Structure formats: structure tokens, C-alpha cells
Amino acid sequence: MPAAFLRPALFAMLATGSPTAADTVTVFAAASMKNAMDEIATAWQAETGHTLAVSLAGSSELARQIEQDAPADVFISANADWMDRLQDDGLIDADSRFDLLGNALVLVAHGDEAAPVQIAPGFDLMGLLGDGRLAMAMVDAVPAGIYGRAALDRLGIWDEVAPQVAQADNVRAALAFVATGEAPMGIVYATDAVASDDVTVVGTFPADGHPPIVYPAASVAASDSPLKGDVLDFLRGDAARAAFARQGFTVLVD
């Protein structure tokens, strides 16, 4: 059975305290993890008989929902800052926290015939865009957008490119802009590019040009699920590691 994805529209209903089945564990996970979490939810159910309900959105949105008492059991963020914020407020179990995954930032173009480019200081992104837009996740809130802006800043081209940036709610939405041709190019994670046959990776941003892309995981302090620790253990296990690797993530846990 595929993962059950809880759209933000369901949050209001969940926040009222509607009971979650005892054998269901709710994981709030960064949108870039969709394909891997599909696989992991299926493997979890096959091994344990329990259900993994996965809510996917930008890490900022998910963190804010947890701050508003959303009934999450486990949170996986696409950067440390949002997890730090929850930890500082006592909203996650600090002892359960660990760095799960790493990722890379890439420039993608619409279609499957785009030529590669060399991403280095001074490269002509504006020339590549022409009159088109550059799709990015929200640059002030969503990790992929934050990393992307930092990378463009380091290259010295953010101020020039900023007026043509089309900001999306999360990185998968930014990918969709490029995949459908609404934007000719976009900045997404390498793992997102793998998920679409309608985009081409034309370049990878230097890893030293933006903060390290790390996905921390932790259990939510308010959760009383007896299975939340088991889910974190499962995320470290062979089945999850294989799913993450197939999607292009770097697995950071031993």
C-alpha cells in the first residue's frame, strides 16, 4: 500500500484531535523525500503490519504545523535550522535526533536535450533564461530555496536573477514548473531531478557555495505513539537506506 499523503488542507481536521489509529505512525517529511518515502512506507507496512502516513510539504510549513500542535510522530527536515527551532522550543525529543541524509543542489532545464553548463562565478544564467523564469522554492523559508539563494549569492548573480525568480511553496512544486515548461529552468535537489523524466540536469552547484544540505530526523515530543522510535530505527535500516540511495540521497547514518 502506498504512503498516505496528508495534504495541508487536512491539517485543520487533524489538529482538532481526531484520533489516529494505534497502528498508524504519522511522519512529517520534506517534500523532496516523496519517492523514497513511498518506498519506505510500503516496506514498513510489509515488515511490521503498521501504516506509515506521510505528510509532505516544505520543511518550514511542516515545522510551523508542529508548532501549532499538528499530530505528527516523526519529523524529517531538509535543513537543520527548522529542526533547531523546534528543539529550542522543546517540541522534539532531542535525544532522538540524528542526521539522516545529505543531498546536492542542481540546475535543471525543461526537456531532455538541454546542454550542460559549467556553474562557476560569473556564469551567464540570465543569458540561459532569456525572458523566462527561474523556478525555486521559497527563498526565505523553504530549505531548497534558501540553499539556492545562497548558491546564487556566492556566484555573485542573485541580485541580477532575483526579479525573474518564480517562487514555489516547496521544491517539488518548483520542479513541476520546469517539468511542465512553465519555467525553462529551476534550482532543485539532485534527488528531485531523478523523479522527473521531463527535466535535464544541466549543472551541479558547488557544495562549498551553500550551507551543507543535511536532513535531520527526530521524534515529536508531544507524540505518544509507541512506534515512533521504531520508525526512526527503520529509517536507519537496510530497506530505507536502499530506498534513499535509489533516489540519489547520501545516507549519513552508519
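Which residue of β3 is the bridge partner of Phe28? In this predicted model, in which local features need pLDDT of at least 70 and side-chain atom pairs count only at pLDDT 80 or more, while totals for chains, interfaces and linings use all residues, the bridge partner of Phe28 in β3 is Ser55. Residues are numbered from 1 along each chain as its sequence is written, and side-chain values use heavy atoms, with hydrogens and water left out.

Strand β2 (residues 24-30) and strand β3 (residues 51-57) pair in the parallel sense over seven bridges, where strands are DSSP runs (E, at least two residues) and helices likewise (H or I, at least four), numbered from the N terminus, and pairing requires at least two DSSP bridges between two strands. Seven of the seven residues of β2 are buried, that is, under 20% relative accessible area, with over 50% counting as exposed and values in between as partly exposed (1.4 Å probe, protein chains only). Both faces of the strand are covered, with Thr24, Thr26, Phe28 and Ala30 on one side and Val25, Val27 and Ala29 on the other.

The largest nonpolar core (buried Ala, Val, Leu, Ile, Met, Phe, Trp, Tyr and Cys residues joined through side-chain atoms within 4.5 Å) has 72 residues, and those with the most contacts inside it are Ile76 and Leu134. Beyond its neighbours within four places in sequence, Ile76 is in contact (heavy atoms within 4.5 Å) with residues including Val27, Phe28, Ala29 and Ala30. Apart from this core lies another, of 14 residues, among them Ala63, Ile66, Phe75 and Leu86.

The axes of helix α3 (residues 59-67) and helix α4 (residues 80-88), taken as lines fitted to C-alpha atoms over the stretch in contact, with angles from 0 to 180 degrees between N-to-C directions, come within 9 Å and cross at roughly 10°. The two helices are therefore roughly parallel to each other, a term applied to angles under 35 degrees. Their contact is made by Ser59, Ser60, Ala63, Arg64, Ile66 and Glu67 of α3 together with Trp82, Arg85 and Leu86 of α4.

An open sheet of five strands follows the order β8-β7-β9-β6-β10, with mixed pairing. Strands β8 (165-168) and β10 (199-204) stand at the edges, each with a single partner strand, so one side of each is left without a neighbour in the sheet. The twist averages 35° from one strand to the next. Within the sheet, β7 (residues 134-137) and β9 (residues 185-189) run parallel and are joined by two bridges, Leu134 having Met185 of β9 as its bridge partner.

Technical notes:
Parallel < 35°, antiparallel > 145°, perpendicular 65-115°, else oblique.
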